[in-house]
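Let's take a walk through this model together, moving from the ligand outward to the packing of the helices. Keep the viewer open as you read.

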Amino acid sequence: MASYGSLLLACCLGMASMHVVFVAQGSMGSAAPQTPNQATGTQLPGAPGLEENGVAQTALRFGGGLVLGLVLLACGKPSFADVEDVVIPVDDKGKTTTLTKEQVVRGKRLFIASCASCHVGGGTRTNQNVGLAIEELSGATPNRATIEGLVDYLNNPTTYDGLKDISEVHPSIKGGDIWPKMRTMKQQDLYDMSAYILYQNQTIPEKWGGGKVYY
Ligand code: HEC
């Protein structure tokens, strides 16, 4: 969107500069016949200077508009172009992936619908000690700071030490009979939500989790 905006602005600036060109030419047109009409052959001392000045000014304005437009184009880089640059850990062995804009949007939508009631902003309302920040996820057993770790948790959640099954206490596929929203979830949905959690950790690390709720 931002790039379209600046493109539009660049066009407008260009048009404005063009307008200056026409106006300048118009005034020059009316000035031009005056010069021969002086008949004596002595040109108006100011005329050529005026003309040059007008052209130079027009060029300057047009160039200025162009440069400004280009600068705006460069600055107005859409933020979603960066989605592909965020590297998300997939497993413990160092495998990573990147996401598409659609995947992030999908993960966010699912997360808001099914998880945000308890995990808004990456915290955990009912247990402030077990939030969705990287430090907390990676301190769990097994490590939950990867897509696979999180998907595993959503299939079959355990206590932080990994020892006790909590599928009846936490939304899960295993406890689907108690968690209606989880009953219809596909593995791809779990994947996208997990990717979204890790994406948020990298893009807004100071806000995501950490016990504070930001909106
Ligand atoms: C009813 C409230 C509730 C809902 C809804 C909920 N959670 Fe949780 N979540 C918790 C609580 C409480 C814990 C802490 C569990 C514990 O004591 O170990 C937790 C823990 C977690 C953890 C482990 C965090 C860590 O640091 O180890 C993950 C991951 C997680 N939730 C993801 C999700 C996702 C994804 C969803 C949406 C599908 C979801 N949760 C929905 C309450 C909820």
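Which of the 23 residues around the ligand come nearest? In this predicted model, the answer is Cys115, Cys118, Val130, Glu136 and Ala140. Three elements each give two or more residues to the shell around the ligand: helix 5 (116–119), helix 6 (134–139) and helix 7 (147–155). Sorted by class, this shell has twelve nonpolar residues, nine polar ones and two charged ones.

With the ligand site in view, step back to the whole chain. The protein chain has nine helices and two strands, and along the sequence they follow the pattern α-α-α-β-β-α-α-α-α-α-α. The chain has 215 residues, of which 21% count as buried. Among contacts with a sequence separation of 6 or more, 58% join residues 24 or more positions apart.

Now follow the loop between helix 6 and helix 7, where you will find Pro142. The peptide bond that leads from Thr141 to Pro142 is cis, and its omega is near -10°. This is a detail worth pausing on, since most peptide bonds are trans.

Past that loop comes helix 7, which brings us to the interior. The buried residues of helix 7 are Ile147, Gly149, Leu150, Val151, Tyr153 and Leu154. Among the elements that cover them are strand 1 (88–89) and helix 9.

Ile147 also leads us to the largest nonpolar core, a set of 22 residues in which Ile147 and Ala195 have the most contacts. Helix 6, helix 7 and helix 9 (187–203) each give two or more residues to this core. Helix 9 supplies the largest share of the core, with eight residues. As general background, nonpolar side chains in soluble globular proteins tend to be buried together.

Let's look at Ala195 in more detail. Ala195 lies in helix 9. Why does Ala195 count as buried? Because 23 other C-beta atoms lie within 10 Å of its own, and the cut-off for a buried residue is 20 or more. Leaving out residues up to four places away in sequence, Ala195 touches Ile88, Leu99, Gln103, Gly107 and Ile147. Ala195 and Thr98 are 97 residues apart along the chain, yet their C-alpha atoms are separated by 9.1 Å.

Two of the residues that Ala195 touches, Gln103 and Gly107, also take part in the contact between helix 4 and helix 9. How are these two helices arranged? Helix 4 (residues 101–114) packs against helix 9 at an angle of about 100°, and their axes are 8 Å apart. Angles of 65 to 115 degrees count as roughly perpendicular, so that is the term for helix 4 and helix 9. From helix 4, the contact is made by Gln103, Val104, Arg106, Gly107, Lys108, Leu110 and Phe111, while helix 9 brings Asp189, Asp192, Met193, Ala195, Tyr196 and Tyr199. By class, this contact has seven nonpolar, two polar and four charged residues.

One of the helix 9 residues in that contact is Asp192, so let's turn to its surroundings. Asp192 counts as buried because it has 25 C-beta neighbours inside 10 Å. Setting aside neighbours within four places in sequence, Asp192 is in contact with Gln103, Arg106, Gly107 and Leu110. The C-alpha atoms of Asp192 and Lys108 are separated by 8.1 Å, although the two residues are 84 residues apart along the chain.

Finally, cross over to Gln103, which is found in helix 4. Is Gln103 buried or partly exposed? With 19 C-beta neighbours inside 10 Å, Gln103 counts as partly exposed, because being buried takes 20 or more. Not counting residues up to four places away in sequence, Gln103 touches Asp192 and Ala195. Gln103 and Met193 are 90 residues apart in sequence, and from C-alpha to C-alpha they are 8.9 Å apart in space.

To retrace the route, we began with the 23 residues around the ligand and passed the cis bond from Thr141 to Pro142. We then entered the nonpolar core of 22 residues and ended where helix 4 and helix 9 pack at an angle of about 100°.

Notes
Residues numbered from 1 in each chain as written. Predicted model: local features only at pLDDT ≥ 70, side-chain atom pairs only at ≥ 80, totals over all residues. Near = placed C-beta within 6 Å. Helix = DSSP H or I, 4+ residues; strand = E, 2+ residues; numbered from the N terminus. Nonpolar A, V, L, I, M, F, W, Y, C, P; charged D, E, K, R; others polar. Core = buried A, V, L, I, M, F, W, Y, C linked by C-beta atoms within 7 Å. Buried ≥ 20, exposed ≤ 12 C-beta atoms within 10 Å, placed from the backbone. Contact = placed C-beta atoms within 7 Å. Axes fitted to C-alpha atoms, helices over the stretch in contact; angles between N-to-C directions. Parallel < 35°, antiparallel > 145°, perpendicular 65-115°, else oblique.
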